[in-house]
Structure formats: C-alpha cells, structure tokens
Amino acid sequence: MQEFVEKLLTLNDVPVVTITVALDPRFPGNDADRIRVRNLMSEAKDRVSAMGDRSQARQILRKLDELAADIDLSGGAHGLVVVATATYGETRLVPFPVQDGVSIGRTPTTRYLVQGLRRSPRYRILVISDRATRLFDASRDVAVEIFDGFPMAASIVPRDRRATNGRFALPPGRDDKELWRNFYRDVDAALTKASRGDELPIVLVGVRHSLQMFLEVSAHRRHVVGEVEGAHDQLSANALATLVWPRMRDELKRERARAIEELSNAVATGAAVTGIDEVWKLGRAGRGRLLVVEESYRAEPSVEVDGRLERANAANATGGDATGAHATSPDVISDPVDEIVEHVVRAGGRVEFVADDAIDDVGRIGLLLR
C-alpha cells in the first residue's frame, strides 16, 4: 500500500479522477457493494463528461470503463480506490475504511490512503522463545509469518539439567546468562537482516526475563513500541495479531497525543503555523515537518492566486454554477486539506490525524516547520 501511495504522489497527469468506495469486508462482493461501486462510477463519468476538454474527457471515460471491467470485490477488503487520468488507471482494494466519494482535481485524493496507513500501520511482532523465536509482519489484527531466518531455537541445556560432578560439571560460579545473550544476539542479527531497508515498529512477545535479556543486547530497542508478556510462541499468526493489536493501537493513541502537545509547544515558540491559509503557503513550499489535522476537517473549494487560497466561485471556472464548476475545472481545489496532505508527504514530512475538535482552538490544522 505504501508503494501505491508513493506512486500516486508522483502522478502529474491533470486532471485526476479519484473514486473511493466503502466495502463490507464480512460479505465480499455483496450486492450493496456492487451497486455502490456502479453508482459512484456513474457519478464520476457524468462529471468527466461535463469537462470542457472533450478529447481529454473521452480518454478518461475509456480508462474508467477499462478499470470498471477489472474490479474484483471478492477479496474481503474494507474499501476500494480507483484512480484514473487520460493516460493512467489503477484500482486497489485497501485494508482500512474509506468514505464513498468522487473527486476530480489536480492531484489524486490520497488523504484517505495516508489516513488509513496511519490508522493501520505495518508493524512487526517478534516472539521471543527458546523453543521458537518467530517473526511476523502485521497490519492491525492480521499477521503473516516471516520465514527468512526464522523461526530460531536455542540449543542451550538449562543449568539444572547439567552434570554437577565429573568432567562435564560447570565451573563454580558459572551461569547460563552469556549463552542466552549470545542466542539473543543471533536473534537480533536475524531481525536486522529481515528489517534492512524496511524499518518498522516492533512489539515483543514473551516471558518477562526473556524480553528483558533480549532488550539488553538488541540494537533495535528504539523500534520497540510495546511488550506483551506470556508464553505465546505456539499461537497462530492471526491469534497472535489479535492479541498484540490492542498494544499497538495504544501506541498510536499516544503518538496522536504527543503530536497535539508538540504542535501546542511549537505554536508558542513560533516553530509552527496554524489555520488553512498559513499551512497552505508553507506546506506548498515544502517547509512542513509534521502536519497535524483533525480527521474530518475539510476546507472550502478554492483556487490558488499568487500562492494564496481564495474561495472558489462560478467566476473561477468555465460555465455552470459554483458546485458544477468545482467538479469540472482543474483549477479548482475541491479540498485544499487533501492537497496539503499530499504536499507534506511528498516533501518527506509526516502527517498525524487527530480526533475532531482536538485542535479546534488553532483552526483544526497545524504545521510544524523544518
């Protein structure tokens, strides 16, 4: 999903049609979902047909027809995203909720995708056990086991099972700790190999003393965001993810709280701007380090004039009432917040979506500067 978002952020064919459809993952391919897809595709086609450039409209309509023929709703996804231009088209089932919608604009509507990735981030589960240390790639409460270098088992005989006399006896004062540390160093090295170029948050699972000893030697401590204690090394991938996801979800809540506090402190020192107008100017300039925005905040349709936002009206587009103009003119930004999200992510910044009214006192949107 991350590579799909990155591809959309580099798309420079204008205009771009984006269709998002909410699906019921419990009943893949049900009649209600198919009808919703059909209706939203029809709405998109009607709006494309009203575009001023007839040749370009015909190309986009052909692309939408091609994409519609290839849509398969049998995957049990939470949502469907369709993106089309005159020369590009792609559909993607997504593992997180989206809202029904159709947009035509200068850029794809990637807000729901970025928002979904923040709500449903990938993370890793490392189960620490002498019998079977296992590694999983997870998203929400779904996990897939990684078999490259894993599972790993320790070949250490516990001290109380060793000879106490004779030539195999342990020297006085010697214990097993260094043997276990060496095993956990091997685990850490395997984790490094599996994570190379794809660092993710990690939740550790295991009995307390095993987790503590692993953390003593691990080079991945900074990526560990939570621990679940207990002997769970025999659980299935999905049972393990169901156990671990609440811990990861708690960490996401803490991240949102930290983002709100960081924005508040930055505003006080002048290291952040707030309100859609200031955020637009500096976000478009690539100055954003962290964008904090309320989940359902939408700004009014606007046009950009000399780097500033001005409310769109019928005079900003060709023909029709103001609502129709928003749908058909590539100069009209249907929701500037969506475009700000894209600019910040494209420039290497982060986006944190927070609860509605969480930052109402600063205009519902804020940008921490580089």
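In this predicted model, Leu126 has Leu204 of strand 8 as its bridge partner. The two residues belong to a wider match, in which strand 5 (residues 122-127) and strand 8 (residues 202-206) run in the parallel sense and share 4 bridges. Against this sheet packs helix 5 (residues 177-195), which touches strand 5, strand 8 and also strand 6 (134-139). The direction of helix 5 makes about 160° with that of strand 5.

The sheet itself is open and built from 5 strands in the order 7-6-5-8-9, with mixed pairing. Strand 7 (142-146) and strand 9 (224-229) form its edges, each pairing on one side only. On average, and with direction ignored, neighbouring strands are turned by 25° against each other. As a general reminder, the strands of a sheet pair through backbone hydrogen bonds, in either a parallel or an antiparallel way.

Helix 5 also has a helical partner. Two packed helices are described by the angle between their axes and the distance between the axes. For helix 5 and helix 6 (residues 208-217), the angle is about 70° and the axes lie 9 Å apart. Angles of 65 to 115 degrees count as roughly perpendicular, and helix 5 and helix 6 are therefore described in that way. The crossing of helix 5 past helix 6 is right-handed. On the helix 5 side, the contact is made by Lys177, Trp180, Arg181, Tyr184, Arg185, Val187, Asp188 and Leu191, while helix 6 contributes Ser210, Met213, Phe214, Glu216 and Val217. Sorted by class, this contact holds 7 nonpolar, 1 polar and 5 charged residues.

Elsewhere in the chain, strand 1 (residues 16-22) and strand 4 pair in the antiparallel sense over 5 bridges. Within this pairing, Val16 stands opposite Gly105 of strand 4. Strand 4 (residues 101-105) is largely enclosed by the rest of the structure, because 4 of its 5 residues are buried. Helix 4 (residues 111-119) is mostly covered too, with 7 of its 9 residues buried. The buried residues of helix 4 are Arg111, Tyr112, Leu113, Val114, Gln115, Gly116 and Leu117.

A final site of interest is Gly349, located in the loop between helix 10 (336-346) and strand 14 (350-354). Gly349 has a relative accessibility of 12% and so counts as buried, the cut-off being under 20%. Apart from neighbours within four places in sequence, Gly349 is in contact with Gly288, Arg289, Val344 and Arg370. Glu310 lies 39 residues from Gly349 along the chain, and 25 Å separates the C-alpha atoms of the two.

Methods:
Residues numbered from 1 in each chain as written. Predicted model: local features only at pLDDT ≥ 70, side-chain atom pairs only at ≥ 80, totals over all residues. Heavy atoms only, no water. Buried < 20%, exposed > 50% of the residue type's maximum accessible area, 1.4 Å probe, protein only. Pairing = 2+ DSSP bridges. Contact = heavy atoms within 4.5 Å. Axes fitted to C-alpha atoms, helices over the stretch in contact; angles between N-to-C directions. Parallel < 35°, antiparallel > 145°, perpendicular 65-115°, else oblique. Left-handed = near helix turned anticlockwise from the far one by under 90°. Nonpolar A, V, L, I, M, F, W, Y, C, P; charged D, E, K, R; others polar.
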